[in-house]
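Here is a guided walk through one protein model. Keep the structure open and follow along step by step.

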Amino acid sequence: MSIELPEAKILAEQMNKELRGKHIKSCHLQDYEKLQRIGMLNKDIKDFDQLVNGEIESVISRGNVIRVKLNNGTNLILDPEYGGEIFYYTCGRTMVSRKFHLKVDFSDDTVLTVRLTSMGVIQAMKDDDLERSYVYRRDFNPEVLSPIDEEFNFERFSKLLADNNRALKSVLVGKDAVVVGLSNSAFQDILYRARLHPKRKASELSIDERRALYDAVRHVLQERIRLNGKDQFLDLYGNQGGYTPAMGPNMKQQNCPACGNPIEKLSIGGGQVYFCPKCQVEK
């Protein structure tokens, strides 16, 4: 399951609570060769040795990316945005999954495991090298809005939309998006709640439509955080999330709950987008 902004925030807050102050005893990697070949993991696995004997100072997230900062000038960067699992185990607790790409053992015999189930990133990096990480540079860029920050207000978001003559998908999702942390899953849900067709351009939206889009972004992200993530998400302890998207692949061959019209799908921006052609009219 994809880890978008809400799930990354949930994991980071749980990790910060559990891991802050812990001393790393050892790191173990397995089944990592494919990840290494396609640039999802350090080319030199000895880079992970830099984490050993370090103490965790903090764990924070921005967008889809989680930064684990150590007191020795190193960092563990995690970005399981297209699918991943991060679990924490205390002594005597049964493992949720024995599969992992990275296992971090702490001096108090607790364990953190990280596994990518699709595209993503597991990187050990020094402070001075963080900007070499594409995902860190993308999501921790202060010039790009995070839709859960105080700076994300309607006036600023509305201007970004009005000045942007691109399709909504590219405006909200991807490397050139005006916000961080939204992927295709959230995009479909947000557009359905805002009653906007996926092919609409940002600059063509009326002031009321921009307001509806802003409100939908806020609602979807806040609800996913409140309900501990999407219903296919497992948090740090293996607990399942409780948020079911109003629109997305879960609505395949279903009827719209609002109007009863059959749900359709489009191929947009390299992905499938589900929508209701009656509630989300193309103008």
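Start at helix α4, which spans residues 154–162. This is a predicted model. Which residues of helix α4 are buried? They are F154, F157, S158 and L161. Around the axis these residues cover an arc of only 100°, so they sit on the same side of α4. Now turn to the other side of α4. There, E155 and K159 are exposed. What covers the buried residues of α4? The cover includes α5, residues 168–172, and α7, residues 207–226.

Next, move to the sheet. Four strands make up an open sheet, in the order β2-β3-β4-β8. Their pairing is antiparallel. The edge strands are β2 and β8, and each of them pairs on one side only. From one strand to the next, the twist averages 15°. In general, strands of a sheet pair through backbone hydrogen bonds, either parallel or antiparallel.

Take the strands in order. Strand β2 covers residues 56–62 and pairs with β3 in the antiparallel sense, over six bridges. Look for V59, which stands opposite V68 in β3. The hairpin of β2 and β3 has two residues between the strands. In this hairpin, G63 takes a positive phi near 65°.

Strand β3 itself runs over residues 65–70. How many of its six residues are buried? Five are, and the strand is mostly covered. β3 also pairs with strand β4, residues 74–79. This pairing is antiparallel too, over four bridges. Here R67 stands opposite I77 in β4. β3 and β4 form a hairpin as well, with three residues between them. G73 lies in that turn and has a positive phi of about 80°.

From β4, step across to β8, which spans residues 121–126. β4 and β8 pair in the antiparallel sense over six bridges. One facing pair to find is L76 and A124, the latter in β8.

Now look for the helix packed against these strands. Helix α1 lies across β2, β3 and β4. Its direction is at about 170° to β2.

That brings us to the nonpolar cores. The largest has 34 residues. Which of its residues touch the most other members? They are M15, I66, I86, L112 and I122. Helix α1, residues 5–19, gives this core its largest share, six residues. I66 is a good place to stop and look around. Leaving aside residues up to four places away in sequence, I66 touches A8, L11, A12, M15, V59, I60, S61, L76, I77, L78 and I86. Another core lies apart from this one. That second core has 31 residues, among them L168, V178, V179 and L221.

Finish with the charged pairs. The structure holds 19 salt bridges. One of them joins D149 to R62, with the closest N and O atoms 3.8 Å apart. The pair links distant parts of the chain, 87 residues apart. D149 sits in the loop between α3 and α4, whereas R62 is in strand β2. Are the two partners buried or exposed? D149 is partly exposed, with a relative accessible area of 28%. R62 is buried, with a relative accessible area of 15%.

A second salt bridge joins R200 and E209. Their closest N and O atoms are 3.0 Å apart. R200 is buried, at a relative accessible area of 5%. E209 is buried as well, at 12%.

Next, go to helix α7 for R226 and E223. Their side chains meet in a salt bridge, 2.9 Å from N to O. The two residues are three apart in helix α7, so about one helical turn separates them. R226 counts as exposed, because its relative accessibility is 58% and exposed means over 50%.

One last group is worth finding. D79, E81, R138 and D139 are linked in a network of salt bridges.

Technical notes
Residues are numbered from 1 along each chain as its sequence is written. This is a predicted model: local features need pLDDT of at least 70, side-chain atom pairs count only at pLDDT 80 or more; totals for chains, interfaces and linings use all residues. Side-chain values use heavy atoms; hydrogens and water are left out. A nonpolar core is a set of buried Ala, Val, Leu, Ile, Met, Phe, Trp, Tyr and Cys residues joined through side-chain atoms within 4.5 Å. Buried means under 20% relative accessible area, exposed over 50%, partly exposed in between (1.4 Å probe, protein chains only). Contact means heavy atoms within 4.5 Å. The arc is that of the directions from the helix axis to the C-beta atoms. Two strands pair if DSSP finds at least two bridges between them. Axes are lines fitted to C-alpha atoms, for helices over the stretch in contact, and angles run from 0 to 180 degrees between N-to-C directions. A salt bridge is a side-chain nitrogen of Lys or Arg within 4 Å of a carboxyl oxygen of Asp or Glu.
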